[in-house]
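Here are my notes on the model you sent, set out as numbered points. Please read them with the structure open beside you.

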Amino acid sequence: MTRVNLSRRQFLRGLIDVVGVAAAADMGLLAWSAPIHHDAGVQRMAMPQLAAPNVPLVNPMTLARFVDPLPIPPLAQPVGERTHAAYPGRRLPYYRMEMRAFRTPLHRDLPPTPQWGYQGMSPGPTLQAQRGEPLLVEWINALPQEHFLPIDHSIHGAEREKPAVRTVAHVHGARVPADSDGYPEDWFTPGHSALYHYPNGQDAATLWYHDHAMGITRLNLYAGLFGAYVMRDPHEQALGLPDGDCDLPLALCDRLVGKDGKLYYPVSDDPEAPWVSECNGNAILCNGKLFPYLEVEPRRYRLRLMNVANTRFFNLTLSNGQPLVQVASDQGLLAAPLPRKQVTLYPAERADVVVDFAGLDGKDIELRQQGDAILQFRVRDRGRRDTAAMPTALNTIERTPPATAVRDRVLTLGEMDDAGGRPTMMMLGGKHWSAPITEDPRQDSVEIWSLVNLTGDVHPVHLHLVRFQVLERRPFDLFAWNATRTLKYTGPAQPPPPEEMGWKDTVRADPGMVTRIITRFEGEPGRYVWHCHLLEHEDNEMMRPFLLRARA
Ligand code: C2O
Ligand code: CU
Ligand code: CU
């Protein structure tokens, strides 16, 4: 393809705008989908357009294991109290979260790694909220003026005339009014801040906060801008689950690290369009460290597992074969504890698990990702025991009947490839971010969203504002869809597995499947977003606004 001062992607986008998607496909310049990979567990990595790293990278296998203690992010502390117009007559705790550059080693034997983090750490301090007690956070951008990771200026929202360093914070999974939700275009630059309010009117759950700036979210998270937001409520507190120092967030992600200690973010071989469709590292970080260890006592612990990676999914096990007893998913408690040999988490998904170290005094146990160690637990008796028994029932989860839905939206997950089969952008419902809003549910109405995955990859799809239930996954005929845009099912609907029977805010949309979710759109009217949580996809068009219309 000849290129006149235009990147491949700009060329294709321009062409689509002029002749439309279908015509561009007919011209042989685009394909709507890649071949289906039948093993959904395999993510495509052999990207022909990945440029070779320009710096020597660390091979984590050569590093000593378990020489750094696991960092536990401190609890964020309010710096005072303030009033807020949305909560007349109340004084609310006021937190300041300052985004700063900092350097810290990812491992004892590596040079310090320059990173960005809230309060100068990654993960940032853990925000704790109690149901029914609103709080205020001032998110402050105190970052440098230049980004240290490669911005792709051909991506919508990250054009060359935009400031390089832009941030906007979002609490993932929180039901927050639109003005405090962190709309991707509400970004601000170094020297500026935004005061957000969080009503905390929702069930106990492991939420997390992270950056959401248009077109550079993947880079801002890779730099370190994320942390845990733990919602608590009296119902959960009465269950006697492990608490205090036995209740820990574990933020998992992967990185590529240069021998100089710097984070390396992969780029394509096109300097005008460095975006790549996936970013997989070889160093798995747990709370910001490579192969850390944690001393635990022979009793139960609650581990809040959070996948904060750009692209990677985790398959977590314990080295002694002991089950991880899952008690909660994205949006809070499951109906009952669910022992699992293995916990799979796609980006942005969470699982709270209880691990019982009783009887294991003196033993070392590893948390593993697909057989490789991430974290070592050293069980050492300090004389403390569990006081409460593990509850047998946790929560009542009423299934939302599909018949209550006023609407079933059929929404495609698509990929644009160039003639060489290389992905150039990802789309939802065949639409760009900037197209007029099409998803416009009414406040308090129930809708089903049928996510039709036309690509060969898994996409973890996330809706802001709401919690939802997974109804089913059902295989469909891709060729029939491409020919006539009709859904022809090729097999029976598969009900969700037990770990997906609780409330979710992010769902795995498998290739070749229609994944159906149901939700009641509770919350304040306004403009929110839904998107794929593979951050490379989200940044490159796989995100759409939605409008919550006021109830009639
Ligand atoms: Cu983790 Cu749009 O969010
Ligand atoms: Cu979110
Ligand atoms: Cu995606």
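1. Are His-170 and His-462 buried or exposed? In this predicted model, both of these histidines are buried. They coordinate the copper ion (ligand 2), each through its NE2 atom, at 1.9 to 2.0 Å. His-170 belongs to strand E7 (residues 169-172) and His-462 to strand E27, so the two donors tie together parts that are 292 residues apart in sequence.

2. The copper ion (ligand 3) is coordinated by His-459 through ND1, Cys-532 through SG and His-537 through ND1, at 2.0 to 2.2 Å. Along the chain these donor residues follow the spacing H-x72-C-x4-H. Because His-459 lies in strand E27 (residues 459-463) and Cys-532 in strand E31 (residues 526-532), this pair ties together parts that are 73 residues apart in sequence. His-459 and Cys-532 are buried. Strand E27 therefore deserves attention when you look at the copper sites, since it holds His-459, while His-462, a donor to ligand 2, also lies in E27.

3. Strand E7 can be examined by its two faces, and both are covered: on one side Ala-169 and Val-171 are buried, and on the other His-170 and His-172 are buried. E7 is joined by four bridges to strand E9 (residues 205-211), and the two strands run antiparallel. Within that pairing, the copper ligand His-170 has His-210 of E9 as its bridge partner.

4. An open sheet is formed by six strands in the order E1-E15-E23-E22-E17-E20, with mixed pairing. The edges are strand E1 (68-69) and strand E20 (343-345), each of which has a single partner strand, so one side of each is left without a neighbour in the sheet. For E1, two bridges make the connection to strand E15 (residues 292-296), and these strands run parallel. Asp-68 has Pro-292 in E15 as its bridge partner.

5. Strand E24 (residues 407-417) is mostly covered, with eight of its eleven residues buried. It pairs with strand E26 (residues 446-453) in the parallel sense over seven bridges, and in that pairing Asp-408 stands opposite Ile-448. E24 also pairs with strand E25 (residues 423-428), here in the antiparallel sense and over five bridges, with Asp-417 standing opposite Pro-423. E24 and E25 form a hairpin with five residues between them, and Gly-421 in the turn has a positive phi of about 80 degrees.

6. How many residues make up the largest nonpolar core, and which of them touch the most other members? This core has 94 residues, and Trp-139 and Tyr-229 are the ones that touch the most other members. Strand E11 gives the most to the core, with seven residues. Apart from this core lies another one, of 26 residues, including Ala-178, Trp-275, Leu-451 and Phe-521.

7. The structure holds three cavities of 30 Å³ or more, and the largest of the cavities has a volume of about 60 Å³. Its lining includes Leu-106, Gln-115, Tyr-222, Phe-226, Cys-253, Arg-255 and Leu-285. Helix H3 (217-223) and strand E11 (247-257) are the elements that give two or more residues to this lining. By class, the lining of the largest cavity has seven nonpolar, four polar and one charged residues.

8. The largest pocket holds about 290 Å³ of space. It is lined by 17 residues, of which Arg-175, Arg-467, Trp-503, Arg-520 and Glu-522 are the closest to its centre. The whole lining of this pocket divides into five nonpolar, six polar and six charged residues.

9. The second largest pocket holds about 230 Å³ of space, and among the residues that line it are Asn-54, Val-55, Phe-148, Asp-260, Lys-262, Tyr-264 and Tyr-265. Nine residues of this lining are nonpolar, one is polar and two are charged. Leu-263 appears in the lining of the second largest pocket and also in that of the largest cavity.

Methods. Residues numbered from 1 in each chain as written. Chains lettered and ligands numbered in written order. Predicted model: local features only at pLDDT ≥ 70, side-chain atom pairs only at ≥ 80, totals over all residues. Heavy atoms only, no water. Donors = N, O, S within 2.8 Å, 3.2 Å for Na, K, Ca; no water. Buried < 20%, exposed > 50% of the residue type's maximum accessible area, 1.4 Å probe, protein only. Pairing = 2+ DSSP bridges. 1 Å grid on protein atoms, 1.4 Å probe; cavity = no way out; pocket = protein on both sides within 12 Å on 5 of 7 lines; lining within 4 Å. Points joined across faces, edges and corners; volume = space filled by probe spheres on them. Nonpolar A, V, L, I, M, F, W, Y, C, P; charged D, E, K, R; others polar. Core = buried A, V, L, I, M, F, W, Y, C linked by side-chain atoms within 4.5 Å.
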